[in-house]
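Hi there,

Here is the structure I promised to pass on. Have a look at it first, and my notes follow below.

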Amino acid sequence: MAKQYGVLLIGCGHIGQQHIEDIYYRDNIRIAGVVDQDPARAAEFARRYGAARFGTDYREFLDDPAVDIVIVASYVDSHLPITRDCLAHGKHVLCEKPIAGSVEDGVEFFDLVRRSSCKVLIAHILRHNRAYNKIAELIAGGAIGQLKTIRMVQNHHAMNWPRYKRLMEDCSPIVDCGVHYLDVMQWFSGSSIVSVGGFSARIDADAPRDNYGVINVRLANGCMGYYEAGWSPNMASQNLKEFVGDKGRISLTLQSARQENQEEGDLISLYSSETGQYTSINLPSKYKDMYAQLSALIRMIEEDASPLPALEDAFSAFYAAMYAEKAIRMHTSLRCPSLDEVLQGCRPQNDLRCG
């Protein structure tokens, strides 16, 4: 029999629900507890997903030996302190992105995780998506030659405006979702981001900050990319993912956005300029495969497998997004520093041992 892991979910909001809906019925998972600042919401999750306990203070659960893994699905400003407490109590962690609301807190998060013997996975869900992995394989195999340009758009028609406004109290759309897509750019290109720039606008007067923006990046190997993100009740939802090489291009259409043949899954369209041929690849792929992501953490625990993404990759995508936002505020382009440069302020402390 496979080991059954007790999971504590912290944060019973939108992303927390996506996590728990995909894991609560798995044979190797037991929902040991759910926590939310809203007691009624925590009670509802406990009833719906069969949690052994529920409450409003996560610290009351960290001494419970029934808890093996903590899923941190709370607001960004709480990720660092919650993860620190979890590791201090010997719990493995799956933490939602972004890891922090500032570069300084991000450095502390990075240092905390690399010193701990507990396993920590940053929730870059696209690393566990079958369609994205297939595109990475095609690019690495030379299907479109050398990758030259990456075009990414992820705009949200923010129907639940209060939810989006609360998210923006911690970070902007270009940081919150941008960490995903800057990671994809570095992953697919096999190169690091060396400069960032962009622009932003506040579409809605009651938005806590600019709620639309574009990041443009240059990678060390010469590849260029941009990422557009907007959260507004006045914007249409848009999803564009295109990867252009010197011998063709690849585009991704998610299953939910297909005009026909949705039952075939995601659509990967490959064009070869050498042959003039188009190839369609239909691939069943769950957009947010939360159980696949959690299973990756379990492999880290059981087999000492490497995290996907590596801590360094997740952190570099985070600080590239933060530097891009800084460049936008300064109305200029900035050199994106190396990992070592960003970590210069990191001060080692006592190791945290997983008990």
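How many bridges join strand β8 to β15, and do the two strands run parallel or antiparallel? This is a predicted model, and in it 2 bridges connect β8 (residues 193-201) with β15, the two strands running antiparallel. Within β8, Ser195 sits opposite Arg335 of β15.

That pair belongs to an open sheet of 9 strands with mixed pairing. Going across, the order is β14-β13-β12-β11-β7-β10-β9-β8-β15. The edges are formed by β14 (277-283) and β15 (334-335); each has a single partner strand, so one side of each is left without a neighbour in the sheet.

Two helices are worth viewing against the sheet. Helix α5 (residues 130-140) lies across β7 (147-157), β11 (238-245), β12 (248-253), β13 (266-272) and β14, and its direction makes about 175° with β12. Helix α6 (residues 161-170) also packs on the sheet, where it touches β7 and β10 (224-232); the angle between α6 and β10 is about 130°.

Then there is a helix pair to look at. Helix α1 (residues 14-21) packs with helix α2 (residues 39-49) at an angle of about 15°, their axes being 12 Å apart. Angles under 35 degrees count as roughly parallel, and α1 and α2 are therefore roughly parallel to each other. Their crossing is right-handed. On the α1 side, the contact is made by Gly16, Gln17, Ile20 and Glu21; α2 brings Arg41, Phe45, Arg48 and Tyr49. By class, this contact has 3 nonpolar, 2 polar and 3 charged residues.

Best wishes

Key: Residues are numbered from 1 along each chain as its sequence is written. This is a predicted model: local features need pLDDT of at least 70, side-chain atom pairs count only at pLDDT 80 or more; totals for chains, interfaces and linings use all residues. Side-chain values use heavy atoms; hydrogens and water are left out. Two strands pair if DSSP finds at least two bridges between them. Helices (H or I, at least four residues) and strands (E, at least two) are DSSP runs, numbered from the N terminus. Contact means heavy atoms within 4.5 Å. Axes are lines fitted to C-alpha atoms, for helices over the stretch in contact, and angles run from 0 to 180 degrees between N-to-C directions. Angles under 35 degrees count as roughly parallel, over 145 as roughly antiparallel, 65 to 115 as roughly perpendicular and the rest as oblique. A crossing is left-handed if the near helix is turned anticlockwise from the far one by less than a right angle, and right-handed if clockwise. Ala, Val, Leu, Ile, Met, Phe, Trp, Tyr, Cys and Pro count as nonpolar, Asp, Glu, Lys and Arg as charged, and the others, Gly among them, as polar.
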